[in-house]
Amino acid sequence: MQPLIEVKNLKKYFEINNGIGKKKNVVKAIDDVSFTIFKGETYGLVGESGCGKSTTGRTLLKLIEATSGECIYNGKNILQMKNREMAEVRRDFQMVFQDPYSSLNPKKRIGQILEESLIIHKIGDKNSRTEMTLEILKKVGFQEEHYFRYPHEFSGGQRQRIGLARALILNPQLIICDEPVSALDVSIQSQVINLLQEVQKSFDLTYLFIAHDLSVVRHISDRIGVMYLGNIVEEAQTDELFERPLHPYTQALISAVPISHPKQAREKIKLKGEIPSPLNPPSGCVFHTRCPYATEICQSQKPDMRTFSSGRRVACHLVEE
Amino acid sequence: MENDILLEVKNLCTYFSTEKGKLRAVDHISFSVKEKEIVGIVGESGCGKSVTAESIMRLLDEKNLVSYEGEILYKGNNLLSLKKNEMQEVRGKEIAMIFQDPMTSLNPVYTIGNQIVEGILTHQKISKKEAKQKAIDLLRFTEIPSPEKRFDQYPHELSGGMRQRVMIALALACNPKLLIADEPTTALDVTTQSQILDLLNKLKDELNMSTIMITHDLGVVAELCSRVIVMYLGQIIEIANVEDIFDSAQHPYTEGLLNSIPHIDGDRSKKLNVIQGTVPTLDKVPVGCNFAGRCQYATDKCREVEPELKEVMDNHFVKCWNYELIRKTNKEENEIATPY
């Protein structure tokens with residue numbers, strides 16, 4: 001498989017102003033993250049709130065300016081691009097947001113919302129734009145009459161489908177889905193997940209799927225990166241990751257997911273305490289304060305990301321292949 | 001057996017007066033909660049599960065907004081006929097409630113210790129010093145590290161999971177017999193969620209409390225509850241023991257819900273089940289069965305006559321005309337699929 005984008009040593013530090021004359025603090029939201037997304041696959045990023053998964057998605061689109069690092073697309077580092085160059089890349093990278101209520105302009109009709117991106121990228125003339133819009137609406141399960149409706153006339157699931165249509169209309173290479181189903185009810189959630197999978201096939205899309213719900217990420221992703229406090233701690237093929245999680249955090253995270261049947265008994269790994277503040281991350285391995293297996297080396301030295309022969313990557317001192 | 005029933009809801013209806021007329025958010029529901037039992041109420045948003053909880057606590061604006069029908073019997077007394085000050089005695093002391101968002105449920109300008117002590121002193125005649133000791137014990141019981149230190153902290157200094165623990169400590173302040181938990185883990189991360197679920201189990205085992213657990217997450221139900229109530233559009237459509245719900249759901253809506261969530265150990269190549277359409281709004285409640293418009297098994301009878309909630313097996317109640325047909329098709333499918 002061909003890599004679509006390669007992210008190398010991506011860092012994003014936010015400066016926190018403590019007031020005039022006081023020392024500035026730094027939040028390491030993303031601390032040295034590297035990963036590759038291959039063409040046509042779904043790459044899942046999971047982790048708990050505050051682990052930096054959404055920030056990672058947004059820095060790729062330059063919605064947030066990265067502190068350092070590279071993101072190679074078509075041989076060019078997009079993080080260094082000027083705005084004009086970036087505008088072209090944005091045509092290839094689209095995003096679907098979590099909240100379908102605040103991501104659509106309430107004053108515009110659905111047709112206008114969808115055509116806007118075509119106008120921005122100067123695609124087609126007025127008639128062909130309308131035609132393209134109607135076609136894309138049909139693809140995500142709407143009729144022609146919905147073209148003239150306003151966002152408030154739609155339910156949450158329908159709005160999320162409009163959000164997806166807006167991403168699809170530019171015929172992008174990559175769609176970054178930032179928690180696309182977590183605001184939806186379970187029965188609606190499955191509609192959107194199925195639609196995402198259908199259009200992936202018909203448009204030959206690549207997804208970066210960011211979510212906190214492990215069952216959903218497992219269902220849709222080909223490969224998964226697990227994030228903790230600004231770091232990717234483990235990355236593997238989905239089935240491999242769930243059958244044999246290697247990093248202690250991945251193990252704990254998977255065991256914390258509620259069981260799917262009451263008769264099922266699963267051994268739970270209890271984590272001590274809560275996620276430390278990213279303002280003041282632990283020394284050495286970021287996970288050592290909560291890790292049940294932590295040793296001395298974990299406290300003093302940050303583990304390197306090691307790649308195993310199966311292609312799986314783990315950042316832990318204690319894991320052997 | 002009859003005596004261990006703590007709460008019994010009989011034919012409860014909750015009406016809201018709105019611009020669109022009087023809407024029935026809770027529609028003739030009946031269920032009971034036994035002592036030391038965790039009952040789950042599941043359903044999608046707008047199905048009336050939270051309104052049920054708020055009706056039991058009588059938290060809604062009775063002057064302008066809501067009116068009730070039916071009975072809510074707590075230890076044999078009808079809560080709906082109590083006066084305002086009598087109801088105040090029940091809240092906190094007999095029935096306590098915790099909410100989804102622990103940040104907005106705590107008062108940001110008081111320390112958490114202060115808030116727990118206030119709760120204790122409202123219902124118990126003890127000195128402030130004793131109350132403080134009791135508050136610290138409660139914080140310790142809910143597994144908050146260094147409770148003496150936390151006592152003097154404000155809500156904003158605590159994380160989401162810690163705040164939910166404080167809410168539970170606050171709910172326990174006056175030794176209630178029944179806890180109503182309204183989506184207590186929805187705003188939390190999975191690892192924190194699993195800790196809070198353990199804590200709720202501890203209430204049952206160590207304090208002999210009953211819990212009504214309101215949630216949309218069937219995994220939480222599988223983990224915690226012994227009996228499950230499934231609601232749709234203000235009505236109870238199925239009640240059963242938790243194993244029966246997961247093994248032999250009889251109502252097509254319950255079945256659809258169970259099949260539409262991806263499981264952590266399920267088959268990934270299988271497409272997720274979809275329940276067609278959306279939940280109708282309360283001013284457009286259909287004639288006949290409420291679910292008929294979205295149901296794949298619906299017949300003309302379903303669209304015309306409303307079915308009753310009927311006991312189809314031991315302690316398994318279903319509100320559906322076609323449950324036998326559904327049971328048959330499910331059985332055939334189960335024989336093909338590998339059993340648990």
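# A walk through chains A and B

Start by selecting chain A: with 321 residues, a compact globule would have a radius of gyration near 20 Å, and chain A agrees at 21 Å. That radius is taken over C-alpha atoms, and the globule rule is 2.2 Å times the number of residues to the power 0.38. Bear in mind that this is a predicted model, where local features need pLDDT of at least 70, side-chain atom pairs count only at pLDDT 80 or more, and totals for chains, interfaces and linings use all residues. To find your way, residues are numbered from 1 along each chain as its sequence is written, while chains are lettered from A and ligands numbered from 1 in the order in which they are written.

**Chain A as a whole**

Turn chain A around: its C-alpha atoms fill a box of roughly 70 × 60 × 45 Å along the principal axes. Switch to cartoon view and you get 10 helices and 12 strands. Helices (H or I, at least four residues) and strands (E, at least two) are DSSP runs numbered from the N terminus. Of the 321 residues, 46% are buried. Buried means that 20 or more other C-beta atoms lie within 10 Å of a residue's own; exposed means 12 or fewer, partly exposed is in between, and C-beta atoms are placed from the backbone.

**The sheet of chain A**

Next, pick out the eight strands of an open, mixed sheet in chain A, in the order E6-E7-E8-E3-E9-E10-E12-E11. Its edges are strand E6 (93-96) and strand E11 (306-307), each pairing on one side only. Strands count as paired if DSSP finds at least two bridges between them. Zoom in on E3 (residues 42-46) of chain A, which runs parallel to E9 (residues 223-228) of chain A and is joined to it by four bridges. Label Leu45(A), and its bridge partner in E9(A) is Gly225(A).

**Over to chain B**

Now select residues 7-258 of chain B, where an unreviewed UniProt entry places the feature "domain: ABC transporter". UniProt positions follow the numbering used here, feature names are shortened, and annotations may be inferred rather than shown by experiment. The end C-alpha atoms of this span of chain B lie 28 Å apart, and the span is 40% helix and 28% strand.

Highlight E1 (residues 5-18) and E2 (residues 21-34) of chain B, an antiparallel pair with 10 bridges. A hairpin of two residues joins E1(B) to E2(B), and Tyr15(B) has Arg24(B) as its bridge partner in E2(B). E1(B) also pairs with E4 (residues 66-74) of chain B, antiparallel over eight bridges. There, Thr14(B) stands opposite Tyr68(B) of E4(B).

Move on to Gly46(B), in the loop between strand E3 (38-42) and helix H1 (49-57) of chain B. Gly46(B) is partly exposed because 19 other C-beta atoms lie within 10 Å. Add Gly234(B): 188 residues separate it from Gly46(B) in sequence, yet their C-alpha atoms are 8.0 Å apart.

**Into the cores**

Finish inside. The largest nonpolar core has 93 residues, and those with the most contacts in it include Ile116(B), Leu179(B) and Val228(B). Helix H7 (residues 160-172) of chain B gives the largest share, eight residues. Such a core is a set of buried Ala, Val, Leu, Ile, Met, Phe, Trp, Tyr and Cys residues joined through C-beta atoms within 7 Å. A second, separate core of 88 residues includes Val46(A), Ala165(A), Val257(A) and Phe287(A).
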